[in-house]
Amino acid sequence: MENKIKCIIHYFERICSHMPTGLVSFERKVLPLEDVALCVTYPKADSWSKSATSLCHFEVHRSGLIEDQSKEALEVDFANRYLGGGALRRGCVQEEIRFMINPELIAGMLFLPSMADNEAIKVVGPERFSNYTGYALSFRFAGDYVDKRDVDFIGRRKKKIIAIDALCGMRMRQYRFEYLLREINKAFCGFFYQSKCQQYQRLFKGDVPCGAQLDQGIQGSDSISRSNRSLQEAPYVSVGANEGIHGDEQIGNSEEKGGPSLEHQYDVGVVTGNWGCGAFGGDPEIKTTIQWLAASQALRPFISYHTFGVGALKTLDESIEVLFYGHINIGQTTGVEERKKENLQMILVEKSYSELMVCMEQEAGDTSWNEIIVIA
C-alpha cells in the first residue's frame, strides 16, 4: 500500500504545480443480447463459424509492458468486473498498477457499475504520471513520468484503454463451450469499432469474401456519426475542462460539422497479454487464441501480444507463423488436409477438449501449442 500511496501523492503534487488541461472520456460499450436494427448484437456460436474474416497480423513481444508501447492502440486492462478492482485496497496486479500510474482512471470507479457479460469499458485520454518497478508484492513507485502522447481534436491524449473482465476461478469449466463463447464475445465487445456495425453484421453472416478487411474511405463523417448514434450504447462521460463545454457535446458538434469521428483511424490495433491468466486462473494458450479471434473479427489491423515470460507461450511466435502459412481464418477455409474444411473456432474447441481431458486426469498439465495447429 505504501508505494500505491506514493503514486497518488505524486499525482496531486504534479497537478498542484501545473493543472492538466483537456479531457478524459469514459464509455460503456454494450453488445445487445437481443437483435436490434442497425446494431452489433451479442454473437451466437454459429455467427462465429460463418465468419470469413482473415486473421489479423500478430506480433509477439517477449519483453516490455503494455503501457510502454509506442503505437496508438487499444491497451487492454485485465479488469475486474468492478472497474479498478483492488486499486484502492490491497490489490496490486495489472489493473491496479495501471490505475496507480494513470490516477485519472480512478474517477471511473465512482460512476461505472459492474460490467455484465456483454459489456466493456473504454477510457480515452488518461495521462500517465508515475514510473514504477516490480509487480504485486514487489511493486515500487519509481519517480516521475512525463507523458508525451499527442492529443486528439477535443484534447484527449491518444491513449485508449479497454477494460474487459475475464471469468475468474473457472478451473476445468473454462474449457466448456458456453464459457469460451462468453470470453470471445467479451473481448470482441472491447475491440470492435463503433462505426462499423453494418459491416460486422455482414461478416458474421459470411456475406463478405474471405480476407475481408476494413472498407477504407467508404463512409463519410456523416455516415460514421449516424452509425455511432445507432449502437444504443451508454453515452460518453467526460472528465476535465475544455473552455466550458462538455466532452460529449464537443464530440457531437464536431461530427455534425464534418469533424473527425471517434473511430476514424482504422490503423488502431490491440496491445494485450495474458488476460485473465494470473489470479483468475485462465489458460494462456486459450486466452491468446480468443483475443486473436476477437481482434481479427473486430477488424483490428494487428494484435501486439506481451507474453510476460509465461512458459506455456514460449513457442507462440512459431505457432503463429504456422497458422499464417496454413491460411487459417476465423470461419472456414479450404486446402488444408486434403481440402477438408477446418475452422479456427473448431481448433479452439478441440484444444479445449484435450486440455479438459488432461485436467480430469491430473490437477495440472503441460499442453503444447502443437495441439491447436493444423499444418497445410
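**Salt bridges, a surface patch and the largest pocket**

In this predicted model, Lys 160 is buried, with a relative accessibility of 9%. Its side chain forms a salt bridge with Glu 72, the closest N and O atoms lying 2.5 Å apart. Lys 160 belongs to strand 7 (residues 160-165), while Glu 72 sits in the loop between strand 2 (57-61) and strand 3, so the pair ties together parts that are 88 residues apart in sequence. Glu 72 itself is partly exposed, at 22% relative accessible area.

The whole structure holds 16 salt bridges. One of them joins Asp 152 to Arg 156, with 2.8 Å between the closest N and O atoms. Both partners are buried: Asp 152 has 18% relative accessibility and Arg 156 has 3%. Elsewhere, salt bridges with shared partners link Asp 117, Asp 165, Arg 182, Glu 183, Lys 186 and Lys 287 into one network.

Helix 1 (residues 2-17) offers a further view of the surface. Here Lys 6 and Glu 2, 4 residues apart and thus separated by about one helical turn, meet in a salt bridge of 3.6 Å, N to O. Glu 2 is exposed at 56%, whereas Lys 6 is partly exposed at 36%. Ile 5, also in helix 1, is partly exposed at 44% and makes a nonpolar surface patch of about 280 Å² with Met 1 and Ile 9.

Turning to the largest pocket, its space amounts to about 620 Å³. Of its 27 lining residues, Phe 78, Val 93, Gln 94, Tyr 135 and Gly 278 lie nearest the centre. Helix 3 gives the most to this lining, with 5 residues. By class, the lining comprises 16 nonpolar, 7 polar and 4 charged residues.

Definitions and conventions. Residues numbered from 1 in each chain as written. Predicted model: local features only at pLDDT ≥ 70, side-chain atom pairs only at ≥ 80, totals over all residues. Heavy atoms only, no water. Patch = residues over 30% accessible without salt bridge, like charges linked within 9 Å, V, L, I, M, F, W, Y side chains within 5 Å. Areas by Shrake-Rupley, 256 points an atom, 1.4 Å probe, with all protein chains shown as cover. Salt bridge = Lys/Arg side-chain N within 4 Å of Asp/Glu carboxyl O. Helix = DSSP H or I, 4+ residues; strand = E, 2+ residues; numbered from the N terminus. Buried < 20%, exposed > 50% of the residue type's maximum accessible area, 1.4 Å probe, protein only. 1 Å grid on protein atoms, 1.4 Å probe; cavity = no way out; pocket = protein on both sides within 12 Å on 5 of 7 lines; lining within 4 Å. Points joined across faces, edges and corners; volume = space filled by probe spheres on them. Nonpolar A, V, L, I, M, F, W, Y, C, P; charged D, E, K, R; others polar.
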